[in-house]
Amino acid sequence: MPLKTNDPSKSSWLPVPENSDFPIQNIPFGVFLTRDDVITIGTRIGDHAIDLGALHQLGYFKDIPLTDDIFLQDSLNDFISDGKKTWRLVRSRISELFEKGNPELQKNKDHQKIVLFTMDEIEMQLPVHIGDYTDFYSSKEHATNVGKMFRDPEHALLPNWLHLPVGYHGRSSTIIPSGTPVRRPHGQTLPKGADTPVFGPSRLLDFELEMAFITTDANALGEPISVVEAEDYIFGLVLFNDWSARDLQKWEYVPLGPFLGKNFASSISPWIVTLDALEPFRMASPKQDPEPLPYLKQKGNNSFDIHLEVDITPQNGPATTVSKSNFKYMYWTMAQQLAHHTINGCKVNSGDMMGSGTISGATPDSFGSMLELSWQGTKPVHLANGTTRKFIEDNDTVTMRGHCYKNGVRIGFGEVSTKILPAISLK
Ligand code: MN
């Protein structure tokens, strides 16, 4: 059944600029600090942030079973834990309240003064307390490119890759919101031809164009989540830049996988766009051959058409778009990732985050990392200011954006933008 909140003909009495990522059909969730230094849960329409804590206190959610303080929190974890039925009721009520023609709040200027903020009056925070973070490796094009460069061009994909969504457990303590700068990390690297490592700032600092989904608490310890039900436990998605130090990574990753080359920072966009909002943009995922084992087998359309792009902006600009990719290129779906993650009985909690892995398309302009775009530094990427990049340099800002478009409706994620600062000096 189509959701009323997705109706393309709906419009809001709040202004929505043309090409905004946040029309009334989006209604994402986030956490922000208000002009009065109060932290609250909110949503966004056009360029207005809406304080859901204040709306709830004013009685606008009185017909929905919610605890009094559900939105007066510094994370969405408890709200996400309330489950899909509640997410839908709240989104549908917000949609109704801000729809053109509904006078309830539109006519109440005093209430508007309390609940509405312009974007420059607030500061976006991390939307969830991320207990656990897992990163997958689910783009076939990306895994093939990396396999060709690091191993054997003839056998680029390892034998397990086509049978399971490969992943590793990452570190949640260094996941940061858009706008937080990142210092170039130090570490051990093995210079070409050397047999002992050197220590210093990473020279091959890279972004990874990813998306990440956020789960609700779905299962008891020991109980898998079936692939058929998995999407019911996904709250929504964010843009995800999984910063990577390729030189550290290459030296350290054998035999246990990613470690310090990955855990110094990962940046996310601050608004979580719900799966419900993305529903109109659902589409088929790539055909899987060989057929997956029964616990991973899916029917129907299990991916989403989300346009993604990456800009590099040097210190004095201007920006250059270096990659255009799409979430639809993912070989393994989110439902398959979650089903596989829990098939051994691993418990998933509210606010857990699962990264897709770098999302690369088939053509060189759709690769999702500098490692691939510059083909390990052999093909420098040209920027609009006349300089070139093999990897990311100090004072570069990397910005990722994502949006869907269909039937005149654009639903987007805003952006995740991060400036790289020089390494700290170690004594
Ligand atoms: Mn990654």
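1. Start with the hairpin that strand 20 and strand 21 make, with six residues between the two strands. Look for Gly317 in that turn: its phi is positive, at about 60 degrees. Keep in mind that this is a predicted model.

2. The two arms of the hairpin, strand 20 (residues 307-313) and strand 21 (residues 320-326), run antiparallel and are joined by six bridges. If you want one pair to find on screen, take Ile312, whose bridge partner in strand 21 is Thr320.

3. Strand 20 has another neighbour to check. It pairs with strand 25 (residues 397-406), again in the antiparallel sense, over seven bridges. Ile312 is handy here too, as its bridge partner in strand 25 is Val398.

4. Now for the metal. Which residues are the protein donors of the manganese ion? They are Asp135 (OD), Glu208 (OE), Glu210 (OE) and Asp242 (OD), and they lie 2.1 to 2.2 Å from the ion. Along the chain, these donors follow the spacing D-x72-E-x1-E-x31-D.

5. That spacing is worth a second look at its two ends. Asp135 sits in strand 6 (residues 133-136), while Asp242 is in the loop between strand 14 (234-241) and strand 15 (244-245), so this pair ties together parts of the chain that are 107 residues apart in sequence.

6. Are those two aspartates buried or exposed? Asp135 has a relative accessible area of 2%, so it is buried. Asp242 comes out at 0% relative accessibility, so it counts as buried as well. The cut-off for buried is under 20%.

Methods:
Residues numbered from 1 in each chain as written. Predicted model: local features only at pLDDT ≥ 70, side-chain atom pairs only at ≥ 80, totals over all residues. Heavy atoms only, no water. Donors = N, O, S within 2.8 Å, 3.2 Å for Na, K, Ca; no water. Helix = DSSP H or I, 4+ residues; strand = E, 2+ residues; numbered from the N terminus. Buried < 20%, exposed > 50% of the residue type's maximum accessible area, 1.4 Å probe, protein only. Pairing = 2+ DSSP bridges.
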